[in-house]
Structure formats: structure tokens, C-alpha cells
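Good morning, and thank you for making time for this item. I should like to introduce a structure that is new to most of the group, beginning with one residue and then widening the view.

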Amino acid sequence: MNMQSIGESAGVIWRLLYGDNRKWEYQELKEATGLRDRELNAAIGWLAREGKIQFEEGDTQHPSTLYIELSYYIG
């Protein structure tokens, strides 16, 4: 794994999240992207560092989710 492959994996996740306006569970992302845990975690970290994804912590009955929160400026 290197910077380029992490960036490519981040792109896969970004396109999936951006194309579907909903919250995704980790396991759903893993299955939809076909990425291994290490690849998925690195890509999530990349997107989080860039401020492109949001996290919602779960509880015992609801798992944690990831999503894109789009901000629009109307001036």
C-alpha cells in the first residue's frame, strides 16, 4: 500500500458516498467497494483528514455510520 493506492481507494469511497445521499455502515462500505479493512481504513482516514466525510457514532442498537455532509453557500 502506498500514497497512490490510498488515494485511489479514497476516490472509490468518495464516489460511492457522493453518488448516494445516505449514511453508510462500515460493513456496507466494505462490501460495496471490495476493499480490505486496511485499505478501507486508510482511505477513510484520507477523506476525514480532508474534511470530506462525517462520522456518526453508534450505540449498542445502531452501528456507526459514515456520510458526506455537503455545505452550500448561497450568497
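Let me begin with leucine 16, which touches Trp24, Leu29, Ala32 and Thr33 when residues up to four places away in sequence are not counted. Contact here means heavy atoms within 4.5 Å. Leucine 16 lies in helix H1. Its C-alpha atom is separated by 8.1 Å from that of threonine 33, although the two are 17 residues apart along the chain. With a relative accessible area of 23%, leucine 16 is partly exposed. On that scale, buried means under 20% relative accessible area, exposed means over 50%, and partly exposed is in between, with a 1.4 Å probe and protein chains only.

A word on the source is due at this point. This is a predicted model, in which local features need pLDDT of at least 70 and side-chain atom pairs count only at pLDDT 80 or more, while totals for chains, interfaces and linings use all residues. Residues are numbered from 1 along each chain as its sequence is written, and side-chain values use heavy atoms, with hydrogens and water left out.

Now to the chain as a whole. The chain contains three helices and three strands, and along the sequence they follow the pattern α-β-α-α-β-β. Helices (H or I, at least four residues) and strands (E, at least two) are DSSP runs, numbered from the N terminus. The C-alpha trace spans about 40 × 35 × 20 Å along its principal axes. Of the 75 residues, 25% count as buried. Among contacts between residues at least 6 apart in sequence, 50% join residues at least 24 apart.

Let us return to H1, which covers residues 3-19. Its 17 residues should span 24 Å at 1.5 Å a residue, and because its end C-alpha atoms are 24 Å apart, the model agrees with that figure. The expected span is 1.5 Å times one less than the number of residues in the helix.

Which residues of H1 are buried? They are Ile6, Ser9, Ala10, Gly11, Ile13 and Leu17. Their cover includes strand E1 (24-25), H2, H3 and strand E3 (65-67). Serine 9 may serve as an example: its relative accessibility is 10%, so it counts as buried. Leaving aside neighbours within four places in sequence, serine 9 is in contact with Leu35, Glu39 and Ala43.

Methionine 1, in the segment before H1, counts as exposed, at 52% relative accessibility. Beyond its neighbours within four places in sequence, methionine 1 is in contact with Ile6, Arg38, Glu39 and Ala42. The C-alpha atoms of methionine 1 and alanine 42 are separated by 9.4 Å, with their positions 41 residues apart along the chain.

How, then, do the helices meet? For the angles that follow, axes are lines fitted to C-alpha atoms, for helices over the stretch in contact, and angles run from 0 to 180 degrees between N-to-C directions.

I take H1 and H3 to start with. Their axes come within 8 Å and cross at roughly 80 degrees. That makes H1 roughly perpendicular to H3, a term that applies from 65 to 115 degrees. In this contact, Met3, Ile6, Gly7, Ser9, Ala10, Ile13 and Trp14 of H1 meet Glu39, Leu40, Ala42, Ala43, Ile44, Trp46 and Leu47 of H3. By class, these are eleven nonpolar, two polar and one charged residues. Ala, Val, Leu, Ile, Met, Phe, Trp, Tyr, Cys and Pro count as nonpolar, Asp, Glu, Lys and Arg as charged, and the others, Gly among them, as polar.

Next come H1 and H2, whose axes come within 11 Å and cross at roughly 110 degrees. H1 and H2 are therefore roughly perpendicular to each other. The contact is made by Val12, Ile13, Leu16 and Leu17 of H1 with Leu29, Ala32 and Thr33 of H2. Its classes are six nonpolar, one polar and no charged residues.

There remain H2 (residues 26-33) and H3 (residues 37-49), which pack at an angle of about 110 degrees with their axes 11 Å apart. H2 is thus roughly perpendicular to H3. Here Tyr26, Leu29, Lys30 and Thr33 in H2 meet Asp37, Leu40, Asn41 and Ile44 in H3. These residues divide into four nonpolar, two polar and two charged.

That concludes the presentation, and I thank you for your attention.

How values were computed: Angles under 35 degrees count as roughly parallel, over 145 as roughly antiparallel, 65 to 115 as roughly perpendicular and the rest as oblique.
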